[in-house]
Amino acid sequence: MIKLIACDLDGTALNSQKVLDEGLKEILPHLESLGVGLTFITGRGEGIMQQYVDEINLQLPYVTDNGGNIYQQHHCLATEEMPCEAVNLLAKTLFDRGIPFTAYGAKSIHAFKNKESAFFTERTSYYDPYKIMYQDGIDLSNEKVFKITSDFDLHLEYLDEVKDIVSQNCAHIDFLNAEGNVYCANSQSANKGKALVKLCRMLDIQPEEVMAFGDNGTDMPML
């Protein structure tokens with residue numbers, strides 16, 4: 001018997017205007033009557049996730065940052081940070097090639113050239129007041145970074161090179177295609193699948209009692 005539905009947001013629960021699908025909202029009372037919970041497992045951060053949580057008054061824990069964090073009612077329950085040496089290497093690798101990126105940390109958000117990226121312009125305006133512009137030589141070791149998102153849309157010539165650098169030097173992080181030419185790096189202990197397993201333990205639900213929906217590479221671990 002299904003007790004929990006775990007749903008990705010972008011491309012899945014959200015329509016092309018980035019609002020929750022009306023059909024999903026309509027079915028929520030029926031799911032509740034059946035004793036089936038619904039939660040979100042997303043690559044979005046808490047800052048741009050809050051509106052959807054509040055819109056359906058989500059009471060269950062939910063996963064943000066591709067598994068980097070688990071929240072419940074906007075309170076962080078668990079965090080999986082990236083190894084600091086991988087954070088510094090990847091940030092400098094992207095910076096040196098002019099590739100826009102944002103490094104999301106527990107204390108601050110470091111960004112580089114986000115305004116030239118259509119993805120970052122659309123998705124991260126909420127974070128603008130909190131951003132610190134990344135500069136060469138900045139040490140992110142103490143920032144407890146849980147996700148780095150990069151946009152290769154205008155820099156595809158560097159994609160394979162960056163993949164090789166990550167695979168050869170950052171054994172403990174995943175570098176996955178999120179959508180289009182956007183890539184997300186997380187700790188290997190922080191993907192959507194492992195976060196969903198933690199969620200099941202919190203809710204005392206077995207994995208076989210969960211139905212999951214997703215549409216991109218970062219969704220594969222939970223599927």
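This report describes a small sheet, a group of aromatic rings and two charged residues in a predicted model.

## The sheet around strand S1

Three strands make up an open sheet, in which the order is S2-S1-S12 and the pairing is parallel. Strands S2 and S12 stand at the edges and each has a single partner strand, so one side of each is left without a neighbour in the sheet. From one strand to the next, the twist averages 20°.

Strand S1 covers residues 4–7, and it is joined by four bridges to strand S2, which covers residues 37–40 and runs parallel to S1. Four bridges also join S1 to strand S12, made of residues 210–213, and these two strands again run parallel. Individual partners can be followed across the sheet: Leu4 stands opposite Gly37 in S2, and Cys7 has Phe40 in S2 as its bridge partner, while on the side of S12 the bridge partner of Ala6 is Ala212.

In a regular strand the side chains alternate between the two faces of the sheet. Strand S1 can be read with this in mind, since Leu4 and Ala6 point one way from the strand, whereas Ile5 and Cys7 point the other way, and all of them are buried. Helix H7, formed by residues 192–203, lies across S1, S2 and S12, and it runs at about 150° to S1.

The loop between H7 and S12 holds Glu209. Which way does the relative accessibility of Glu209 place this residue, buried or exposed? Its value is 15%, and because buried means under 20% relative accessible area, Glu209 counts as buried. When its neighbours within four places in sequence are left aside, Glu209 is in contact with Met1, Ile2, Lys3 and Leu4; of these, Leu4 belongs to the residues of S1 that are buried.

## Aromatic rings

The model has a count of nine aromatic pairs. A pair of aromatic rings is described by the distance of the centres and the angle of the planes. Two of the pairs that involve Phe101 are set out below.

| Pair | Centre to centre | Angle between planes | Class |
|---|---|---|---|
| Phe101 and Phe112 | 6.0 Å | 40° | tilted |
| Phe101 and Tyr134 | 5.3 Å | 65° | edge-to-face |

The pair of Phe101 and Phe112 links distant parts of the chain, with Phe101 in strand S6 (residues 101–105) and Phe112 in strand S7 (residues 109–112), 11 residues apart. Why does the pair of Phe101 and Tyr134 tie together parts that are 33 residues apart in sequence? Phe101 lies in strand S6, whereas Tyr134 lies in the loop between strand S8 (131–133) and strand S9 (145–151), so the pair spans that separation.

The rings named here are also buried: Phe101 has a relative accessible area of 0%, Tyr134 has one of 5%, and Phe112 counts as buried at 9% relative accessibility. Together with Phe95, the residues Phe101, Phe112 and Tyr134 form one aromatic cluster.

## A charge over a ring

A further ring, that of Tyr104, has the charged end of Lys147 sitting over it, at 4.6 Å from the ring centre.

Note on methods: Residues numbered from 1 in each chain as written. Predicted model: local features only at pLDDT ≥ 70, side-chain atom pairs only at ≥ 80, totals over all residues. Heavy atoms only, no water. Buried < 20%, exposed > 50% of the residue type's maximum accessible area, 1.4 Å probe, protein only. Pairing = 2+ DSSP bridges. Axes fitted to C-alpha atoms, helices over the stretch in contact; angles between N-to-C directions. Contact = heavy atoms within 4.5 Å. Phe/Tyr/Trp six-rings, centres within 6.5 Å; stacked < 30°, edge-to-face > 60°. Lys NZ or Arg CZ within 6 Å of the ring centre and 35° of its normal.
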